[in-house]
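User: Please take a close look at one part of this model, the aromatic ring pairs, and then set the local backbone and surface features beside them.

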Amino acid sequence: MSLLSGFRVVQLGDGMAAAVAGRLFADLGAEVRCVDADRAIPLAEYLNGGKAGGDDAAVAAADLIVVEGRPSELRAAGREPVALRQRNAMAVIVAISPFGQEGPRADDPASDLTLLYGSGIAKLLTGQVDDLAEAPIRPVGEQSAFIGGLAAACAGMGASPGAVIDVSIEEALATMAMTELANAGLGGKARPRKRVGDGNGATVTILPASDGYVAISPREDRQWAAWLEVMGSPAWGSDRRFATKPDRVGNWDALHALMSEWSRRHRKQWIADAAQDAHVPSFPLREPEEQLASPQLAHRRFWRDATVAGRQVKMPSPPFGLSLALGSPDKPVGAGRLPLSGVRVLDFSWVIAGPTTTRYLAAMGAEVIKVEAPGRGDPGRASELHTVLGQGKKGIVLDLKKPEAIALARELAARSDVLVENFATGVMDRLGLGAAELQALNSNLIYISASGMGRTGPEAQAVAYGTLLQCYAGFAGLNRHPEIAPRVGFAWLDPMCGLMLAFIAAASLWRGARDGQVARVDFSMIEAMLWTMAGPLLATQLGEKPQPRGNDSARYFPHGAWRCAGEDEWLSIAVEDNREWGALCAAIPGMAALAALDLVGRRERRRETAAKIAEWARGEDAETTAAVLRGFGIPAAALMSSTDLVEDAHLRARGFWEAHKNGVLPGLPWRASFGHAAGPAPGLGADTDAVLGEVLGLSDEKIADLRALGALG
């Protein structure tokens, strides 16, 4: 049985984000029917493959309707949420659009490129640069559609019947940079794009190899010592300039040059293997085609056959590693104003991916009990990350080195509905808190594990971080200009996985409520990254080797970014048809004579047209000019920073920013008719006594005894 068998989805329109959402539902066994789906390009054909056609009867019978379009477009087609509600009173309705269904910019045109610029992601994507003349870029593979679609699927799966969800792709993208948004909302400054010091390289960096590149992350002192041994204990390893991490940060350029001199003599896989053998996180930067022969992915049966453009290809399976077992028949079902009211989540996750997951579950009404170790707790507390991701949770401290704390964790698991953990493979089993043991204790417990490579397979024990996996998947290697060496970039994978994990948690709760089947989820981050890289994976099998292309597009021209007045101001423009080209020529002095050029003509004269746009843009204010171009119906956006987004009138009007005692915090990647739960992030262990008393019924005396034994830190 598939997890979502019996769940009925209707996908309306030709939008790619809606197709992504429909693909995720279909991949888990839902019946997905399409009306007017796009199959014009290979990626769209893949996303809509295997979905049946739809009609009015399908709309009336759907559990969930996902529709994509700007408000005026949906009204013209009779597909706005109000009209759909008249056709189906109980379906969850999810409307996806570039800027949401309400707000001053709701009907503005947009494209993948301009959404990445307007959301602030383009400024962060590749990390800091040495030369501000290097244009910020969008990520490979139509990622705005994937993030918008994942946000839609996540919110829609977690919603109650009759709910309406409004997904702004711009907002969903912006929340990928939650740390930066929270910092800006609380008065901090945006990080400059110009590289300062090591540019975070002392934490994770990319080195050249004889056959490509390799990423390494010897971020801890013990890892650095082990990495020096991997490199043969070079004489410079004892240089006082590199003795401590602050020293390595301060002398980064010299250090990177020395490491590169060594790494260029070795193959990328050899370096990564040697580093992993020494417990230093490291992976080679793979090309998409290299993934097709991966023993790890073969072991996990990740690839499935599909037919696209008349050819047999291998495409990704969902990254969830699912198994189902029958739970107890007397499981009570919670009820309340919010869709997940009455659901208790025991949260053993930390840093970004897991806490993002449980943040979304808490927002939808779940009681989330965040378990942290004594001392510093979740590393997210060292920044503003916990301030935003910890909202609405209860915080407890358990020292899992103590048998009494393990016993408490088991008792909490026995009274919980969902457990989320992202420890290294084997840790929870060694603690006696593995899935088999806890599901034997509580047959209704949904157990979700998240790890870099998954819990099984030849690479299951590899030491992995999200940024390294972006390199391993091929994402970092493609996200660059052709002449620029790859950079790690910001942590894209972790927040994306948060959307996927919250989706699978909600889907598992639906399955359990429907027929008592209880899920065990073995989530692989590398597989999640590859699931969203369907475009490059398709291209490599259809005869087009994916190459770094910066902001260039195979389908549109002009399609890029031009520098404006100011130190690091950029204007992104995406002309998608001849009408938009004519409007652009009318808006830019001296270009009227080029207005009759079609796409072929524009490409033939690309140097001339790009030069004219560059000359004009150089003296313009990026934000003002972008607004003027959008008024002409041309997708355009200025390069936004996190501080720009705090002041953005459209986001303010939509209520994206929420009040906090020290400023504002970013909201969710969606707006829902049922609202969301709110509350401050808990202090370390702030709710320990309350949770042990209310959930486990322990007396104050018993809690005091446990604290004296050190079980509570």
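Analyst: A309 is partly exposed, because its relative accessibility is 47%. This is a predicted model, and the residue serves as a starting point for the backbone before the rings are taken up. A309 sits in the loop between β10 and β11 (311-316), and its phi is positive, about 55 degrees, although the residue is not a glycine. R301 likewise has a positive phi, near 50 degrees, in a residue other than glycine. R301 is placed in the loop between α16 (295-299) and β10 (303-308). With 73% relative accessibility, R301 counts as exposed. Such values deserve a remark because most residues other than glycine have a negative phi, and most peptide bonds are trans. The peptide bond from F557 to P558 is cis, with omega near -5 degrees. P558 belongs to the loop between α26 (534-541) and β19 (559-563).

Now the rings. The count comes to 15 aromatic pairs. One of them joins F25 and F503: the ring centres are 5.4 Å apart and the planes stand at 80 degrees, so the pair is edge-to-face, the cut-off for that class being over 60 degrees. F25 lies in helix α1 (residues 16-27) and F503 in helix α24 (residues 493-515), so the contact ties together parts that are 478 residues apart in sequence. Both ends are covered: F25 counts as buried because its relative accessibility is 1%, and F503 is buried with a relative accessible area of 0%.

A second pair is Y360 with W670. Their ring centres are 5.2 Å apart and their planes are at 55 degrees, so this pair is tilted. Y360 is in helix α17 (residues 353-363), while W670 is in the loop between β23 (663-666) and β24 (671-672); the pair thus links distant parts of the chain, 310 residues apart. Y360 and W670 are buried.

F25 and F503 also belong to a wider group, since ring pairs link F7, F25, F320, F503, W510 and F523 into a cluster.

On the surface, D621, E623, D644 and E647 form a negative patch. Among them, E623 is located in helix α30 (residues 622-631). E623 counts as partly exposed because its relative accessibility is 46%; a residue needs over 30% relative accessible area and no salt bridge to enter a patch.

Definitions and conventions. Residues numbered from 1 in each chain as written. Predicted model: local features only at pLDDT ≥ 70, side-chain atom pairs only at ≥ 80, totals over all residues. Heavy atoms only, no water. Patch = residues over 30% accessible without salt bridge, like charges linked within 9 Å, V, L, I, M, F, W, Y side chains within 5 Å. Areas by Shrake-Rupley, 256 points an atom, 1.4 Å probe, with all protein chains shown as cover. Salt bridge = Lys/Arg side-chain N within 4 Å of Asp/Glu carboxyl O. Lys, Arg positive; Asp, Glu negative; His and termini not counted. Charge placed at Lys NZ, Arg CZ, Asp CG, Glu CD. Helix = DSSP H or I, 4+ residues; strand = E, 2+ residues; numbered from the N terminus. Buried < 20%, exposed > 50% of the residue type's maximum accessible area, 1.4 Å probe, protein only. Phe/Tyr/Trp six-rings, centres within 6.5 Å; stacked < 30°, edge-to-face > 60°.
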